[in-house]
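Student: Could you walk me through reading helix packing and strand pairing in a model like this one?

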Amino acid sequence: MELKYCSLLKEIKQQVDPHTKILVGFSGGVDSTVLLHGLVRLRDEYQLPLELTAIYVHHGLNTKADDWLVHCEQFCQQWNVTFISEKVNVDVKDGGIENGARAARYQAYRQYLQPQQILATAQHQDDQAETFLLALKRGSGPAGLSSMPAKMPFEHSYLLRPLLNITRKQIETYANQQGLYWIEDDSNQDDRYDRNFLRLHVMPLFTQRWAHFSQAVTRSAALCGEQEALLDELLDSELNLLVDKNNSLDIDALSTSSVIKRNALLRRWFSCQNRVMPSREQILRLWEEVALAKDGAEPKLRLFQDEVRRYKQRLYLVPVINEPTDKILTWSLSQPLVLPEALGVLIAHSTREQNQKMAIREPYSSETVTVRFGLTQPSLRIVGRELPRHSKKIWQELGIAPWRRTRIPLIYYNDTLIAAVNTFVTLEGKATLEQNLTIEWQETYQ
């Protein structure tokens with residue numbers, strides 16, 4: 001016999017199928033409470049094979065946040081849902097508190113998202129209308145006005161918004177019918193925040209005048225999304241020709257395009273790397289200040305948490321980090337080494353293959369292994385070069401961009417430089433006829 005779902009459960013089921021492993025963003029507010037409750041009902045009452053995990057992100061912005069964490073944990077215990085909490089630091093320098101909190105929240109989601117698991121968040125139709133109006137206020141084009149898709153690539157999986165076709169009123173009605181209780185965040189009444197201003201003062205007027213305003217806005221957002229998808233199809237093959245394996249962009253080839261087409265390609269370059277979309281003014285500055293900078297210059301333009309840089313007539317999108325040049329890390333080699341500033345992890349492997357290009361000799365018992373950053377030697381003798389070369393010349397010959405040079409881990413035995421990981425090996429570190437090492441660098445980003 002076919003199961004009978006209420007309209008809200010039917011919508012959630014339709015949106016999450018065929019996925020079964022779900023990480024739910026759970027704040028304890030009415031929206032995420034209804035989403036999680038709906039998924040629990042689908043699992044328990046309708047026997048769907050769902051593996052549910054809820055994550056509460058503690059932003060540290062409200063004095064009640066600790067109590068909210070306890071509230072969410074208790075709900076998950078009651079509903080037999082795996083619970084995770086993560087405390088984050090909100091960076092307000094780029095885009096204010098709202099954008100900073102969102103960035104920190106989604107970074108936490110990325111950290112905990114498991115293989116074969118999708119992320120589900122509780123944005124609904126009224127949120128979509130607000131997002132559209134905020135994009136309109138910023139002067140966004142079709143990409144911004146397309147607002148939030150119901151499904152989009154996220155990290156190694158997908159982000160789903162199962163409630164995007166459900167109104168706030170429908171969510172609150174369901175919550176009351178089911179006898180749910182939820183957190184009321186007092187900051188939601190603070191109309192200094194743009195989204196709250198729209199929710200409290202603007203949307204009620206629109207809805208009073210036009211009852212189906214949010215549905216109409218959702219259709220407009222979907223049409224803008226379709227237009228952007230069509231442009232993606234038309235420009236995808238050309239963008240692939242402009243981008244190399246390091247996701248850098250060919251300036252000379254890009255310069256042959258019209259301004260309109262060039263701007264569209266640049267936006268898609270950002271989108272393909274899951275970065276915050278720059279404004280039209282920022283795109284123009286990027287081209288004028290970085291791509292067209294004088295020869296010999298090392299231009300850069302900061303955009304949110306990234307910098308656009310130029311090297312050998314290519315554009316690179318590089319995360320901003322605190323340079324790790326003052327770090328010295330002692331390494332036993334028997335365990336993976338976590339690098340500072342989210343640069344990744346080093347893993348040492350024993351090998352007897354003498355012809356491996358980056359193999360190095362094993363340390364002697366009297367030698368301590370350290371990892372450092374930033375070359376200080378004026379000249380080096382490396383495997384494959386007969387004569388000593390200035391370190392700057394070596395970087396240039398190997399095609400290593402200036403900002404990468406301080407981020408590449410350097411292997412030292414005592415105070416002797418042995419290798420720059422994945423880049424070169426010094427004569428002092430040259431592999432022998434006996435057992436040697438290769439160093440695997442699992443990079444977080446390029």
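Tutor: Here is a short tour of one helix pair and some strands, keeping in mind that this is a predicted model.

Student: Let's start with the helices. How do I describe two that pack together?

Tutor: Two packed helices are described by the angle between their axes and the distance between the axes. Here, take helix H1 (residues 7–16) and helix H2 (residues 30–44): their axes come within 10 Å and cross at roughly 80°. Angles of 65 to 115 degrees count as roughly perpendicular, so H1 and H2 are roughly perpendicular to each other.

Student: Which residues of H1 and H2 meet?

Tutor: From H1, look at Leu-8, Leu-9, Ile-12, Lys-13 and Val-16; they meet Val-34, Leu-35, Gly-38, Leu-39, Arg-41 and Leu-42 of H2. By type, the residues of this contact split into eight nonpolar, one polar and two charged.

Student: Okay, on to strands. What holds a sheet together?

Tutor: Strands of a sheet pair through backbone hydrogen bonds, either parallel or antiparallel. For a case here, try strand S9 (residues 306–311), which is joined to S10 by six bridges, running antiparallel. Within that pair, Arg-310 stands opposite Leu-315 of S10. The S9–S10 hairpin has two residues between the strands, and Lys-312 takes a positive phi near 50° there.

Student: What else does S10 pair with?

Tutor: Strand S7 (residues 249–250) is joined to S10 by two bridges, also antiparallel. Leu-249 has Leu-315 as its bridge partner in S10.

Student: Is strand S10 mostly covered or uncovered?

Tutor: Mostly covered: six of the six residues in S10 (residues 314–319) are buried. That goes for both faces, with Arg-314, Tyr-316 and Val-318 buried on one side and Leu-315, Leu-317 and Pro-319 buried on the other.

Student: And how do I read strand order in a sheet?

Tutor: Go from one edge to the other. One open sheet here has five strands in the order S11-S15-S18-S19-S20, with antiparallel pairing. Strands S11 (329–330) and S20 (424–425) stand at its edges with a single partner strand each, so one side of each has no neighbour in the sheet. At the S11 end, two bridges join S11 to strand S15 (residues 369–372), and Thr-330 stands opposite Thr-370 in S15.

Student: What is the order in the open sheet of four strands?

Tutor: That one goes S12-S13-S21-S14, again with antiparallel pairing. Its edges are S12 (337–338) and S14 (360–361), each with a single partner strand, so one side of each is left without a neighbour in the sheet. Two bridges connect S12 to strand S13 (residues 344–351), and Leu-337 has Leu-346 in S13 as its bridge partner.

Terms used. Residues numbered from 1 in each chain as written. Predicted model: local features only at pLDDT ≥ 70, side-chain atom pairs only at ≥ 80, totals over all residues. Heavy atoms only, no water. Buried < 20%, exposed > 50% of the residue type's maximum accessible area, 1.4 Å probe, protein only. Pairing = 2+ DSSP bridges. Axes fitted to C-alpha atoms, helices over the stretch in contact; angles between N-to-C directions. Parallel < 35°, antiparallel > 145°, perpendicular 65-115°, else oblique. Contact = heavy atoms within 4.5 Å. Nonpolar A, V, L, I, M, F, W, Y, C, P; charged D, E, K, R; others polar.
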